[in-house]
Amino acid sequence: MTTRRPRAEDFLELVERGRRGRLKLYIGFAAGVGKTFRMLEEAHALKARGVDVVLGFVETHGRPETEALVEGLEVVPRQRLTYRDVTVEELDLEAILARKPQVAIVDELAHTNAPVCRHRKRYQDVQELLAAGINVIGAFNVQHLESLNDLVERNTGVTVRETLPDSFLKTADQVVNLDLAVEDLHERLKAGKIYALDKVPHALERFFTGDNLSTLRELALREVAESLDRATAGRQALAGEEKSGAWGRVLVALSSYPPRAATLLRRGSRMAGRLNTDWFVVYVETPREAPNLIDAEAQRHLLTNIEMAKELGAEVVRLRSSDPVAALLDFARSHGVGHIIIGRSHQAKWRQRLGMTADARLLREGEGFDIHVVSFEPHEEKRP
């Protein structure tokens, strides 16, 4: 797949269209593909055109070629914070808001801020900058997308701790994939252009294996292609070239059984993204699952999963019914749902054999819907 390299003036056209800040994202599949380098190049190009651009937070990782591009650009000093006797440096949100540049460059958007910061994640800092009318050019690697978390771990064996929601990616006005052949990335790594030479052997054995990089590269290419498809579909819908895709919305059935929820939510987010449609997360509260009857831990897991669903861009709906399957189907029929996602039942075997479980009933009674019953790997069953 060949991605046309956008010119600095392309983004400038978007900047000049509206009052709310515009967002441009560079996506890569691994460290060292050149995300920060390209952002800095674009910052210089914008500055040459008279744009007021600042570096809000840039991480050069000590790479000389990247550090050289910082010269000549205004840098907003980082905020130094102390938490539990440890001093850390974070993006200074208040300073950038007070400075109010036209464009701010912000790196490593999936970063988790120190607990004393206003926002938990750096991408949330960016959302506040955008709301204030400041345009942002940012970057992250594809494995940090929340909906890909399970897929990345399953295919690469690497657990990614810091993520950002797909809904943030969907708000971007421009998405650029920085592609690089795996062989070329290995050459950069071995030459010490990504990490210090003493760290290279360990990197080659762990994250930077050929198979891992090929998998992540494919995910990045696919993600950008789907982003382009969503943007095209959105423009066509606005122009009246096609009917609304309301019919065929996605519904994820969220149970009070917590270990599986995150996997189901990521699956729903991916499906809704591919179909370019809205999606719902529906929790049916039965009389025995009233808030005063379920334990505090289950309640905490439920609230965490609801928050995650919102971050992924779902509309969360809580229904009350003694019959969850009937409630789900009634909601689906009245809200243009075409796809229902549910986890395979963990109930007693005798109930499964008699077809009394929720997944079996949906398959039997859900005529007119595509029912997706998700199986789980053993380790997924145990994950909190």
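Start by selecting helix α6, residues 149–156, and colour its buried residues: Asn-149, Asp-150, Val-152 and Thr-156. Look down the axis and you'll see them on the same side of α6, because they cover an arc of only 165° around it. Now step just past the end of α6 to Gly-157, where phi is positive, at about 75°. One thing to keep in mind as you click around: this is a predicted model.

**Zoom out**

Show the whole protein chain as a cartoon. You have 16 helices and 13 strands to play with. The chain has 384 residues, and 51% of them count as buried. If you draw the contacts between residues at least 6 apart in sequence, 73% of them join residues at least 24 apart.

**The six-stranded sheet**

Next, pick out β3, β2, β6, β7, β1 and β8, in that order: these 6 strands form an open sheet with parallel pairing. At its edges sit β3 (74–75) and β8 (174–177), each pairing on one side only.

Go to β1 (residues 23–28) and β7 (residues 135–141), which run parallel and are joined by 6 bridges. To find your place in that pair, label Tyr-26 and look opposite for Ala-139 in β7.

Now add helix α2, residues 35–48. This helix lies across β1, β2 (53–57), β6 (103–106), β7 and β8, and runs at about 165° to β7.

**The cores**

Switch to side chains. The largest nonpolar core has 67 residues, and the ones with the most contacts inside it are Phe-29, Ile-105, Leu-109, Leu-185 and Phe-208. Which helix gives the most to this core? Select α10 (residues 210–238), which contributes 5 residues.

Ile-105 makes a good stop. Hide its neighbours within four places in sequence, and its contacts include Met-39, Ala-43, Val-53, Leu-55, Phe-57 and Ile-137. Apart from the largest core lies another one, of 20 residues, among them Leu-254, Tyr-283, Leu-302 and Val-374.

**The five-stranded sheet**

Move on to β11, β10, β9, β12 and β13, again listed in sheet order: 5 strands in an open sheet, with parallel pairing. The edge positions belong to β11 (315–320) and β13 (370–374); each has a single partner strand, so one side of each is left without a neighbour in the sheet. From one strand to the next, the twist averages 25°.

Zoom in on β12 and β13, which run parallel with 5 bridges joining them. Ile-340 is a handy marker here, standing opposite Ile-371 in β13.

Bring in helix α11 (residues 261–275), which packs on the sheet and touches β9 (249–254), β10 (279–285), β12 and β13. Its direction makes about 175° with that of β9. Then show helix α13 (residues 324–334), also packed on the sheet and touching β9, β10, β11 and β12, with its direction at about 150° to that of β10.

**Last stop: His-339**

Select His-339, in strand β12 (residues 337–343). Is His-339 buried or exposed? It counts as buried, because its relative accessibility is 15% and the cut-off is under 20%. What does its side chain touch through a polar contact? Display the side chain of His-372, at 3.2 Å. Finally, leave aside neighbours within four places in sequence and show what else is in contact with His-339, including Gly-248, Arg-249, Val-250, Leu-251, Met-271, Leu-275 and Asp-370.

Note on methods. Residues are numbered from 1 along each chain as its sequence is written. This is a predicted model: local features need pLDDT of at least 70, side-chain atom pairs count only at pLDDT 80 or more; totals for chains, interfaces and linings use all residues. Side-chain values use heavy atoms; hydrogens and water are left out. Helices (H or I, at least four residues) and strands (E, at least two) are DSSP runs, numbered from the N terminus. Buried means under 20% relative accessible area, exposed over 50%, partly exposed in between (1.4 Å probe, protein chains only). A polar contact is a pair of N or O atoms within 3.5 Å; within protein, one must be able to donate a hydrogen and the other to accept it, and residues adjacent in sequence count only if both atoms are side-chain atoms. Contact means heavy atoms within 4.5 Å. Two strands pair if DSSP finds at least two bridges between them. Axes are lines fitted to C-alpha atoms, for helices over the stretch in contact, and angles run from 0 to 180 degrees between N-to-C directions. The arc is that of the directions from the helix axis to the C-beta atoms. A nonpolar core is a set of buried Ala, Val, Leu, Ile, Met, Phe, Trp, Tyr and Cys residues joined through side-chain atoms within 4.5 Å.
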